[in-house]
Amino acid sequence: MNYEKKPINAIKKPMSNDYLEIENSDGMPGLVDSTIALNFLLTAKSGIRNCAVALTEIADPEARTEVRKMLNVAIDLHAEISNLMMKKGWFHPYQVSEQFKLDKMSAQAALQIANMQLFPGDTSRLGTFATPNY
Amino acid sequence: MTYQKIAPHETFEIHEILTFKNVCATKASAMVRFVKDEELRTLLEEDFTTGQEHIKELQELLRSSQLLERTDELTH
């Protein structure tokens, strides 16, 4: 897929409030995937922290090995996610300027989405058609 | 090692991990539908299955909690 190559977190124009407008979905697959990947990465990170903190409170050997196993799995998962994101260009730990650009674009996208009227008032079609059951 | 009960403070920690894992599994199953990227999808699905195994193990651990005895004493 070619959307992997270009920067994806960008929404170029202000979004129109017409939800069926096809322009709004420009770059969407990449945007959705990178956002979900980032969310996944952050969740894996807090999972590692939770397990580590819990481990310091647990004395029971059986529970200890269990949580320890989970901690190791979580660390491996975190490594896999960050490798994947680096490969796709969604995450640039070594090029700060690149990462900063991406973050700024994501912030702009979030702001644009926040400015959309996501819950329009009355969308009821009642009365415009013959609705004998109402 | 002989069979031992899980202490109250351990129960709380394990319960906290359990709630976290529950949220993770729910979120993973919900997110998978929106993901187009194959590799990301397989990662999410893998995490979902391992998460479910972990949830079962944690539930098993919680079953040997001292707190369960305590509530039995209180109710009887």
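Which residue forms a salt bridge with A:Lys87? The partner is B:Glu39, and the closest N and O atoms of the two are 2.4 Å apart. This pair joins two chains, because A:Lys87 lies in helix H2 (residues 61-88) of chain A and B:Glu39 in helix H2 (residues 38-63) of chain B. The model is predicted, and the sections below describe the two chains, their salt bridges, their nonpolar cores and a surface patch.

## Chain A

Chain A contains three helices and zero strands. Read from the N terminus, its elements follow the order α-α-α. The chain has 134 residues, of which 32% count as buried.

Of the contacts in chain A between residues at least 6 apart in sequence, 58% are between residues at least 24 apart. The accessible surface of chain A is about 9000 Å², and carbon and sulfur atoms account for 59% of that surface.

## Chain B

Chain B also has three helices and zero strands, and its elements run α-α-α from the N terminus on. It has 76 residues, and buried residues make up 38% of them. Among contacts in chain B with a separation of 6 or more, 70% come from residues 24 or more positions apart. Chain B has an accessible surface of about 4900 Å², with 57% belonging to carbon and sulfur atoms.

Helix H1 of chain B covers residues 8-31, 24 residues in total. From its first C-alpha to its last it reaches 34 Å, close to the 34 Å expected at 1.5 Å a residue. The buried residues of H1(B) include the nonpolar B:Ile14, B:Ile17, B:Leu18, B:Phe20 and B:Met31. Charged residues are also among the buried ones, including B:Glu10, B:Glu13 and B:Lys21.

## Salt bridges between the chains

Over all chains, a search of the whole structure finds seven salt bridges. Side chains of opposite charge can pair when their charged atoms come close. In the pair described at the start, A:Lys87 counts as exposed at 58% relative accessibility, whereas B:Glu39 is partly exposed with a relative accessible area of 33%.

B:Glu39 also meets A:Lys88 in a salt bridge, at 3.1 Å from N to O. This pair too crosses between chains, from helix H2 of chain B to helix H2 of chain A. Is A:Lys88 buried or exposed? At 5% relative accessibility, A:Lys88 counts as buried, because the cut-off for buried is under 20% relative accessible area.

## A salt bridge within chain B, and a network

B:Glu60 and B:Arg63 form a salt bridge in which the closest N and O atoms are 3.1 Å apart. The two residues are three apart in helix H2 of chain B, so about one helical turn separates them. An α-helix has 3.6 residues a turn, so residues three or four places apart point the same way. B:Arg63 is exposed, with a relative accessible area of 52%.

Through shared partners, salt bridges join A:Lys87, A:Lys88, B:Asp37 and B:Glu39 into one network.

## Nonpolar cores

The largest nonpolar core has 19 residues. Those with the most contacts inside this core are A:Ala63, A:Val67, B:Ile14, B:Ile17, B:Leu58 and B:Leu61. Two or more residues each come from helix H1 (28-55) and H2 of chain A, and from H1 and H2 of chain B. H2(A) gives the most to this core, with five residues.

Which residues does A:Val67 touch, leaving aside those up to four places away in sequence? They are A:Cys51, A:Leu55, A:Ile58 and B:Ile17. A second, separate core has 17 residues, including A:Leu41, B:Ala28, B:Leu40 and B:Leu44. B:Ala28 is also listed among the buried residues of H1(B).

## A nonpolar surface patch

On the surface, A:Ile113, A:Leu118 and A:Phe119 form a nonpolar patch. Together these residues have about 340 Å² of accessible area. A:Leu118 is found in the segment after helix H3 (96-115) of chain A. With a relative accessible area of 46%, A:Leu118 is partly exposed.

Definitions and conventions:
Residues are numbered from 1 along each chain as its sequence is written. Chains are lettered from A and ligands numbered from 1 in the order in which they are written. This is a predicted model: local features need pLDDT of at least 70, side-chain atom pairs count only at pLDDT 80 or more; totals for chains, interfaces and linings use all residues. Side-chain values use heavy atoms; hydrogens and water are left out. Helices (H or I, at least four residues) and strands (E, at least two) are DSSP runs, numbered from the N terminus. The expected span of a helix is 1.5 Å times one less than its number of residues. Buried means under 20% relative accessible area, exposed over 50%, partly exposed in between (1.4 Å probe, protein chains only). A salt bridge is a side-chain nitrogen of Lys or Arg within 4 Å of a carboxyl oxygen of Asp or Glu. Patches are made of residues with over 30% relative accessible area and no salt bridge: like charges are joined within 9 Å, nonpolar side chains (Val, Leu, Ile, Met, Phe, Trp, Tyr) within 5 Å. Accessible areas come from the Shrake-Rupley method with a 1.4 Å probe; for residues, only the protein chains shown count as cover. Contact means heavy atoms within 4.5 Å. A nonpolar core is a set of buried Ala, Val, Leu, Ile, Met, Phe, Trp, Tyr and Cys residues joined through side-chain atoms within 4.5 Å.
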